[in-house]
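Have the sequence and the 3D view open side by side, and let us walk through this fold together. We will begin at a strand pairing and work outwards from there.

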Amino acid sequence: MCKETAFESWKSKQEIVYGSLVDSYTANQNLCGLCKAISGYGIIKCKDCCNYLCFSCDRKRHSYDPSHQRMYFKTDSSFKSLLPTEFITSRGEVVEQRVHVPLFPLPICTECDSRETSCLIASSKICYVVTRKGRLDLNLPVFHCQNCEKSTFPTVEDYISSGFWPGTPERFTVLFHQDVLEFWHHLRLLTKNVVSIMLRVVFSIATKNKTI
């Protein structure tokens, strides 16, 4: 009875639900939700932030959080799904920039022992991060000290403490987000082998299609 009631309730709101789904792929404003600026070339809609962002705020926000799903809506109502490394210039042009894997900064510089002077910058080395949303093509990060100006690459301990597990302890070209491993662990305990095999297929397809 409960299932039938829920089905009938959804069915009675079918048109409203469909309209809401269509609206989720549109932008109904060009005002930035952070700085309140109005963009003349379009707006960024982030589904994870649940906010509209101007090009400048989008770059500041998502240069360090590449997992969010973002869409660029132009003034002619067309839109483009943005990759983690794609950003918009002040003239509305799509450009690429390096985006590093987000890690916790070092509390103390390993070279000069300065505290809280470490920041992260993107290196030229490419890596592939597997998440529950799909694969992210990013750059490996580098710890850069603003005091002594020296840079060091993160260790396996730095990646794991930030929630990223490398395929091997020595190489970081492939990283698995911890939520994927936890999900996989619980799935293996609670489901049969057939479901586990299907999950491998789904992750493989998501990785090839680069869903983010």
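Phe143 has its bridge partner in β9, and that partner is Thr152. This is a predicted model, so please read every contact below in that light. The bridge belongs to the pairing of strand β8 (residues 134–145) with β9, which runs in the antiparallel sense over two bridges.

Now step back to see the sheet around this pairing. Five strands make up an open sheet with mixed pairing, and their order is β9-β8-β7-β11-β10. Which strands stand at the edges? They are β9 (151–152) and β10; each has a single partner strand, so one side of each is left without a neighbour in the sheet.

From β10 you can follow the chain into the loop between β10 and β11, where Pro169 is found. Is Pro169 buried or exposed? Its relative accessibility is 54%, and because of that value Pro169 counts as exposed. If you look from Pro169 towards Thr191, the two are 22 residues apart in sequence, and their C-alpha atoms are 29 Å apart in space.

The loop also brings us to the aromatic residues. Phe172 lies in the loop between β10 (164–166) and β11 (174–177), while Tyr159 lies in helix α4 (residues 156–161), so their pair ties together parts that are 13 residues apart in sequence. Tyr159 and Phe172 are both buried. The structure holds four aromatic pairs.

A pair of aromatic rings is described by the distance of the centres and the angle of the planes. Take Phe73 and Phe79: their ring centres are 5.3 Å apart and their planes stand at 35°, so this pair is tilted. What about Tyr159 and Phe172? Here the centres are 4.7 Å apart and the planes are at 40°, so the pair is tilted.

Phe73 and Phe79 also join Tyr25 in one aromatic cluster. Phe73 counts as buried because its relative accessibility is 4%. Phe79 has 39% relative accessibility, so Phe79 counts as partly exposed.

Some rings have a charged partner instead. The charged end of Lys125 sits over the ring of Phe153, at 4.6 Å from the ring centre. Arg132 lies over the face of Phe183, and here the distance to the ring centre is 4.2 Å.

Let us turn to the cysteines. How many disulfides does the structure hold? The number is zero. Cys49, for example, is in no disulfide, and the nearest cysteine sulfur is that of Cys46, 3.5 Å away. Likewise, Cys54 is in no disulfide, with the sulfur of Cys57 as its nearest cysteine sulfur at 3.6 Å. A disulfide needs two cysteine sulfur atoms within 2.5 Å, which is why neither of these distances qualifies. As for their surroundings, Cys49 counts as partly exposed because its relative accessibility is 26%. Cys54 has a relative accessible area of 9%, so Cys54 is buried.

To finish, compare your view with the database record. An unreviewed UniProt entry places the feature "domain: CxC3 like cysteine cluster" at residues 99–191. Over residues 99–191 the chain is 20% helix and 38% strand, and the C-alpha atoms at the two ends are 36 Å apart.

Technical notes: Residues numbered from 1 in each chain as written. Predicted model: local features only at pLDDT ≥ 70, side-chain atom pairs only at ≥ 80, totals over all residues. Heavy atoms only, no water. UniProt positions renumbered as here; feature names shortened; annotations may be inferred. Helix = DSSP H or I, 4+ residues; strand = E, 2+ residues; numbered from the N terminus. Phe/Tyr/Trp six-rings, centres within 6.5 Å; stacked < 30°, edge-to-face > 60°. Buried < 20%, exposed > 50% of the residue type's maximum accessible area, 1.4 Å probe, protein only. Lys NZ or Arg CZ within 6 Å of the ring centre and 35° of its normal. Pairing = 2+ DSSP bridges.
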